[in-house]
Amino acid sequence: MSSSDTMHFAFVRPDPLPPNGRSVAIVGAGPSGLAAAGYLASLGYEVDIYDKLPKAGGLMTFGIPSQRIPPARIQAGVLELERKYGVNFHLQTKICCSAPLHEEEGDHFSCDIRGLGELVEDHDAVIICTGSWKSRALNIPGEHLSGVYTSLQFLFPIRAAGYGKPGVTAPAVQGLDVVVIGAGHSAADVAHSALRLGARSVSICYRKTRRDAPCGLFEIDQLEAAGARFLEQHTPVRFDGEGSLAGLVCRVPHQEELVYIPAQAAATAIGEIPTPPFAKELGLENVRKGDVKWLNMTAIENVFVAGDVLTGPSKIGKAIESGLKAARSLANWLDLKAQSRQAEFQDEERVPRPSPRTSPH
Amino acid sequence: MSESPAGKVLYVDYSTCIGCETCETVCGFLHDAPRIHMTRTRDGVLVPLYCRHCEKAHCIRACHRGALARDRDGAVVLQPMLCRGCETRECTQSCPYAAMVLTNKGVAVRKCDMCSERRAIGLGPACAAMCPTGAIRFLDRCELACAETEAAKDAEKRVLAHLRPSANK
């Protein structure tokens, strides 16, 4: 396997240290979970990693289009973790507190549901890296009409359809007019995908100006070159239609009349919110504020947390950093705990506050 | 030192980079402070600025103390013992790629050494190992020409136009 085709999650060592007799469970096999798994497996930990989806990689595999991140590179990295570093992958397994809540995108993929309590008892420590999978709502009328998607609802099935679940198909937008709301990287990804799926027209509505767009002017130029229309300073007011979507009504500054954009499909790409299992029990608010003795440790002593589930949607790099730091913190804690010297630990830094600007990359 | 260096080089294909910051954060995790830095061009493209370990490195010539030298793999590395205490920091001005970073304590600047300690035990730079898209590569200098696709050259031009607006007009 050539090194240029593999994402080396266990980059800290050329090979794993001999088993150290400790086991760690990681919930979520996205960027932060895989980075934490790679770090700990390199140090000789036995790592069990759980994910509700049929493939590892999280949004690198199921959210961001394959044109941007080569799927083979991620899967080669996963295979390396499995074969060379002995990480045990438990896919299609959702970790829950109580009754399973089927309310996030991708839940229908999981076959097995296990409790967090079980994991905590079976392992020396647990890291939760479940990300932010719930889309933020616009809170305007008509949002529940058929044909209105969130960016994840739109992007997820495109990637998931290829991963062997018969019921999942890419959004049927062929020949339709599609409107995308938002101008971040997800919005750009949705617009590009809609064009590739054969939409008749794609309009991107953004409430601020072109210059303010988080995806950047260059990306907007690319989208326009590909055939999309960028409508700046268009604030969505309501979705129109009976039963299914017929159009989007927008307000434009200095204009009395509202603008009507005919559309049979729409995607809102205005960010996601974290979906931590049992946020309250774990005291995540305190972890966010850095109000804990151990970096990334939750209210339950041997449960750590990392990635977007803690910070809100950020970027792959930030999630990876968080995963690595949580793994290091966890390893330090277990090392000192084994010698009953926890009191000696010096917390080096606080967990960064969530940034107001969000993007999926 | 007149013969052209063979050895290794770090290369970022700006056309396939998605600006995810993995390189910067992984570098920072290993080296305490990152030596590869994300920048956002005026066109809103996020890309990392990085040391090219140039064949004819301006920084090596600019440093009067000889604190910048080429190691056995062709990497331009900083010798902290010689750099320490420098006030002119001319190396940072001389770098066309904004890859030398000022620090506010101890050694005056920091720069990429292509993960010198990792190379010593047979590993490559961590940024290249962890890049999700494969945009960062650790190459033999002779492979560089093949790696530079037309799209990559165009993207590079846009980044350099951002770094040096006057040079391109």
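1. Start just past helix α1 of chain B: the residue that follows α1(B) is B:Asp32, and its phi is positive, near 70 degrees. Keep in mind that this is a predicted model, in which local features need pLDDT of at least 70 and side-chain atom pairs count only at pLDDT 80 or more, while totals for chains, interfaces and linings use all residues. Residues are numbered from 1 along each chain as its sequence is written, and chains are lettered from A and ligands numbered from 1 in the order in which they are written.

2. Now for the helix itself. (Helices are DSSP runs of H or I with at least four residues, strands are runs of E with at least two, and both are numbered from the N terminus.) Is α1(B) mostly covered or mostly open? Covered: seven of the ten residues in α1(B) are buried (20 or more other C-beta atoms, placed from the backbone, within 10 Å of a residue's own; exposed is 12 or fewer, partly exposed in between). The buried ones are B:Thr22, B:Cys23, B:Glu24, B:Thr25, B:Val26, B:Cys27 and B:Phe29. What do they pack against? In chain B, the partners are β2 (37-40), β3 (46-49), α6 and β8, and α11 of chain A joins them.

3. That link to chain A brings us to the place where the chains meet. In all, 23 residues of chain B are in contact with 26 residues of chain A (in contact: C-beta atoms, placed from the backbone, within 7 Å). On chain B's side, α1 (22-31) and α6 (126-130) each supply at least two residues. The largest share is that of α1(B), with five residues. Sort chain B's side by class and you get eleven nonpolar, eight polar and four charged residues (nonpolar: Ala, Val, Leu, Ile, Met, Phe, Trp, Tyr, Cys and Pro; charged: Asp, Glu, Lys and Arg; polar: the others, Gly among them).

4. A residue to click on in chain B is B:Arg137, which sits in strand β8 (residues 136-140). Buried or exposed? B:Arg137 is buried, as 20 other C-beta atoms lie within 10 Å. From B:Arg137 to B:Glu156 is 19 residues in sequence and 15 Å in space, C-alpha to C-alpha.

5. Over to chain A, which has eleven helices and 17 strands. Of its 361 residues, 49% count as buried. Look at the contacts in chain A with a separation of 6 or more: 70% of these are between residues 24 or more positions apart.

6. One sheet in chain A is open and has five strands, in the order β3-β2-β1-β6-β17, with parallel pairing (strands pair if DSSP finds at least two bridges between them). Why do β3 (88-90) and β17 (303-305) each have a side without a neighbour in the sheet? They stand at the edges, so each has a single partner strand. From one strand to the next, the twist averages 20 degrees. Inside the sheet, four bridges pair β1 (residues 23-27) with β6 (residues 125-128) in the parallel sense, and A:Ala25 stands opposite A:Val126. Helix α11 (residues 316-338) of chain A packs on this sheet, where α11 touches β1, β6 and β17, and its direction makes about 165 degrees with that of β6(A) (angles run from 0 to 180 degrees between N-to-C directions of axes fitted to C-alpha atoms, for helices over the stretch in contact).

7. Compare the open sheet of three strands in chain A, ordered β12-β13-β14, where the pairing is antiparallel. Here β12 (235-240) and β14 (259-262) are at the edges with a single partner strand each, so one side of each lacks a neighbour in the sheet. Neighbouring strands are turned by 25 degrees against each other on average, direction ignored. Strand β13 (residues 247-251) is joined to β14(A) by four bridges, and A:Val249 has A:Tyr260 as its bridge partner there.

8. Still in chain A, find β10 (residues 201-205): four of its five residues are buried, so the strand is largely enclosed by the rest of the structure. Strand β9 (residues 177-181) pairs with β10(A) in the parallel sense over five bridges. In this pair, A:Asp177 stands opposite A:Ser201.

How values were computed
Contact = placed C-beta atoms within 7 Å.
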